[in-house]
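Q: Please take me slowly through one part of this structure, as I am new to it. I would like to see how its pieces are placed beside one another.

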Amino acid sequence: MRLTKYGHACVRIEDGDRVLVIDPGTFSEAEALSGADAVLITHEHADHIDVDKLDAARKSVPGLTVHTHPALAAALGRGTTAVAPGDTFTAAGFTVHAVGGEHAEIIDGLPGCPNIGFVVEGVYHPGDSLFVPDQPVHTLLVPASGPWLKLREAIEFVRAVRPARAFPIHDINLSDIGKENFDGWLEEEPGTEYARIPLGGSVDL
């Protein structure tokens, strides 16, 4: 299984001819969706879903399936499947567990929208949340920056999930110095192999 990192929170998971893309938003590259069989969307914020890119991908691949929470599924219309926390389903031939349910709070209960994390055969993409799933996680995609996130919370999240390896996502707001600072802290965490995947780079899992 190969994992490719695209802009901000978008990743692409491939195994043979199976292609699954998670959170292709406005800060990610359109090529992430090239040849995709299925798309998972954690929530409705534009940095996690670019509707124009998704529509273009659907025209290119009429059989493309999309899975997301019920409210967004209704807005996206035909070809979109609603999933809820606790559901297990198949997307692009991968077994996926839907977990979590709520976006992390910034302040005063905001943004207060649904957010579903996805565990794809041991690879966990939490979207904008720090929900710790019951399912085993061997690879954690750990958010590195956001108005709802502190460095301490990211470290505690890794400790709670206890993955074998972790790679940062959700990092568009970080400067090069900010990325170095985040990486330096996470690299010190025992029990988890941490590394940054270069933009457009891939790792074999």
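**Strands, rings and a helix pair**

A: In this predicted model, strand 1 (residues 2-5) and strand 2 (residues 11-15) pair in the antiparallel sense, and four bridges join them. Within that pairing, lysine 5 stands opposite valine 11 in strand 2. The hairpin formed by strand 1 and strand 2 has five residues between the strands, and there histidine 8 takes a positive phi near 60°. Strand 2 is also joined to strand 3 (residues 18-22), by five bridges and again with the strands running antiparallel; here glutamate 14 has valine 19 of strand 3 as its bridge partner. This second hairpin has two residues between its strands, and glycine 16 takes a positive phi near 65° in it. Arginine 18 brings in an aromatic residue from elsewhere in the chain, since its charged end sits over the ring of phenylalanine 94, at 4.1 Å from the ring centre.

The part to look at closely is another arrangement of strands. Seven strands make up an open sheet of mixed pairing, and their order across it is 7-8-9-10-11-12-13. Its edges are strand 7 (88-91) and strand 13 (193-194), each of which pairs on one side only. At the strand 13 edge, strand 12 (residues 165-169) runs parallel to strand 13 and is joined to it by two bridges, with arginine 165 standing opposite glutamate 193 in strand 13. Helix 3 (residues 151-161) packs on this sheet, where it touches strand 10 and strand 11, and the direction of the helix makes about 165° with that of strand 11.

Helix 3 has a helical partner as well. Its axis and that of helix 4 (residues 176-187) come within 10 Å of each other and cross at roughly 35°, and the crossing is right-handed. The residues that meet there are Leu151, Ala154, Ile155 and Val158 from helix 3, and Asn181, Phe182, Trp185 and Leu186 from helix 4.

Turning to the rings, where two aromatic rings count as a pair if their centres lie within 6.5 Å, the count comes to three aromatic pairs. In one of them, phenylalanine 89 and phenylalanine 118 have ring centres 6.4 Å apart and ring planes at 90°, so the pair is edge-to-face. This pair links distant parts of the chain, because phenylalanine 89 belongs to strand 7 and phenylalanine 118 to strand 9 (residues 114-120), 29 residues apart. Phenylalanine 89 has a relative accessible area of 12% and is therefore buried, and phenylalanine 118, at 0% relative accessibility, counts as buried too.

Histidine 67, which lies in strand 5 (residues 65-68), touches both of these phenylalanines. Leaving aside neighbours within four places in sequence, histidine 67 is in contact with Val39, Leu40, Ile41, Thr81, Val83, Phe89, Thr90, Ala91 and Phe118. With a relative accessible area of 6%, histidine 67 is itself buried.

The loops around the sheet hold some backbone details. In the loop between strand 7 and strand 8 lies alanine 92, whose phi is near 55°, a positive value in a residue other than glycine; alanine 92 is buried, with a relative accessible area of 18%. Proline 111 is placed in the loop between strand 8 (94-102) and strand 9, and the peptide bond that leads to proline 111 from leucine 110 is cis, with omega near 5°. Further along, the loop between strand 12 and helix 4 contains histidine 170, another residue other than glycine with a positive phi, again near 55°. Histidine 170 is buried, its relative accessible area being 3%.

Aspartate 134 offers a contrast with these buried residues, for at 79% relative accessibility this residue counts as exposed. Its place is in the loop between strand 10 (123-125) and strand 11 (139-143). From aspartate 134 to isoleucine 169 the separation is 35 residues in sequence and, from C-alpha to C-alpha, 21 Å in space.

Conventions: Residues numbered from 1 in each chain as written. Predicted model: local features only at pLDDT ≥ 70, side-chain atom pairs only at ≥ 80, totals over all residues. Heavy atoms only, no water. Buried < 20%, exposed > 50% of the residue type's maximum accessible area, 1.4 Å probe, protein only. Pairing = 2+ DSSP bridges. Contact = heavy atoms within 4.5 Å. Axes fitted to C-alpha atoms, helices over the stretch in contact; angles between N-to-C directions. Phe/Tyr/Trp six-rings, centres within 6.5 Å; stacked < 30°, edge-to-face > 60°. Lys NZ or Arg CZ within 6 Å of the ring centre and 35° of its normal. Left-handed = near helix turned anticlockwise from the far one by under 90°.
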